[in-house]
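The following exercises introduce a single protein chain, each with a worked solution. Please keep the sequence and the structure in view while working through them.

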Amino acid sequence: EQETRVDNQSNKSQPSQTDRWHEKLQELRDFKNREGHCRVPSKFNQNPSLGKWVSKQREEYKRLKEGKQSSLDKNRFEALENIGFTWSINKITSHSHMAWMDKYDQLKQFHAREGHCRVPQKYPENLSLGRWVMSQRLQYKHMQQGKATMPKERLKALQDIGFTWDVVGPKGESWMKQYNVLNEFKKRYGHCRVPRTYFGDAALANWVNFQRKQYSYMKQGKRSLITKERVNLLNDIGFTWNVYGEDSETWMINYQELKRFKDQEGHCVVSAKFERNPILRMWVVTQRQQYKYMKQGKASMMTEQRIQLLNEIGFVWNAKI
């Protein structure tokens, strides 16, 4: 009887099928952050299981469209849509798509150098890129007016790198719109620590990260879009400017949340169904991913001190499919 109770306890700590699906979703997000798209090859040598998983999602989507039984429910579909998942591989081979992606990659390189996407219309180093950026803004404006459409995949891809749809001043509508969204997030969760991989609102996550970058530039005396007025507005709602230090207050807050979860549930496997704190679920997934990067010798925010703290509460590091 005692052995049975131990086995039940062990089974309870194993990640569910839903948890494993979200683990793969996180790996796909990490792939997109590195590569700029979600088109993982079916035979992906660096992560074969991810390539198979991506192909499986397309198969399940096809079954869904044909009215057959499918494991792809509404929540999973929306989660993949939010990161710009390509459902049909025919899009990948189209000439217009490849031409668009070529300019998008050039814009990403510009963003990496300059810290923003505001390419001048007459950009001497790349005139065609300047014209292309203006074309995206014009197409977006027409979409807002109901005169044209913009593919969701392209819209999402541009939002993911902090594309500026209109150039506005310190009190611009675009900035204030995102500020108000962040304020609503604060009212709901009690803080402003929007995760980088917050699939609930990818645009908000990118906007928050962009504010931190601009603030860092300002502190270093570099050219920055952030103003004292914007800093004050963000400070007024308790914005966290630095969330990545080794002794990060943010990390410890989430760690304490996980400890409380462990005290209540008896384990550290935070299910995707834990609706009271979806941020905690994403934080747990991030810890596993950062630990994996550390083991592979890649850049990681994981430290030995954090590993020790997590081990002390029985954290589950390995959650393979």
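**Exercise 1. Describe the salt bridge between Lys68 and Glu66, and state how exposed each partner is.**

Step 1. The side chains of Lys68 and Glu66 form a salt bridge, with 3.3 Å from N to O. The term requires a side-chain nitrogen of Lys or Arg within 4 Å of a carboxyl oxygen of Asp or Glu.

Step 2. Exposure follows from relative accessible area: buried is under 20%, exposed is over 50%, and partly exposed lies in between (1.4 Å probe, protein chains only). Lys68, at 46%, is partly exposed, and Glu66, at 44%, is partly exposed.

Step 3. The model is predicted: local features need pLDDT of at least 70, side-chain atom pairs count only at pLDDT 80 or more, and totals for chains, interfaces and linings use all residues. Residues are numbered from 1 along each chain as its sequence is written, and side-chain values use heavy atoms, with hydrogens and water left out.

**Exercise 2. Determine how many salt bridges there are, and examine those of Lys56 and Arg260.**

Step 1. The rule gives a count of seven salt bridges. In general, side chains of opposite charge can pair when their charged atoms come close.

Step 2. Lys56 pairs with Glu60, and their closest N and O atoms are 3.0 Å apart. Both residues belong to helix α3 (residues 48-65), where they are four residues apart, about one turn of the helix. Helices (H or I, at least four residues) and strands (E, at least two) are DSSP runs, numbered from the N terminus.

Step 3. Lys56 is partly exposed at 39% relative accessibility, whereas Glu60 is buried at 7%.

Step 4. Arg260 and Glu257 meet in a salt bridge of 2.6 Å, N to O. About one helical turn separates Arg260 and Glu257 because they are three residues apart in helix α12 (residues 249-265). Arg260 has a relative accessible area of 42% and is partly exposed; Glu257, at 26%, is also partly exposed.

**Exercise 3. Locate the largest cavity and describe its lining.**

Step 1. A cavity is a set of points, on a 1 Å grid over the protein atoms alone, where a 1.4 Å probe fits but cannot get out; lining residues have an atom within 4 Å of a point. The structure holds one cavity of 30 Å³ or more.

Step 2. The largest cavity contains about 80 Å³ of space. Volume here is the space filled by probe spheres set on the points, which are joined across faces, edges and corners.

Step 3. Its lining comprises 14 residues, and Gly36, His37, Gly84, Glu153 and Ala157 are those nearest the centre. Helices α6 (95-114) and α8 (152-160) each contribute at least two lining residues.

**Exercise 4. Summarise the chain as a whole and the confidence of its model.**

Step 1. The chain has 14 helices and zero strands. Of its 321 residues, 45% count as buried.

Step 2. The mean pLDDT (the predictor's confidence in each residue, from 0 to 100) is 81, and 85% of the residues score at least 70.

Step 3. Among the elements, helix α5 (residues 90-93) has the lowest mean pLDDT, 49, and helix α4 (residues 74-82) has the highest, 92.

Step 4. Over residues 2-6, pLDDT stays under 50, and the model has zero contacts for them beyond four places in sequence. A contact means heavy atoms within 4.5 Å.

Notes
On a 1 Å grid over the protein atoms alone, a cavity is a set of points where a 1.4 Å probe fits but cannot get out, and a pocket is an open set with protein on both sides within 12 Å along at least five of seven lines; lining residues have an atom within 4 Å of a point.
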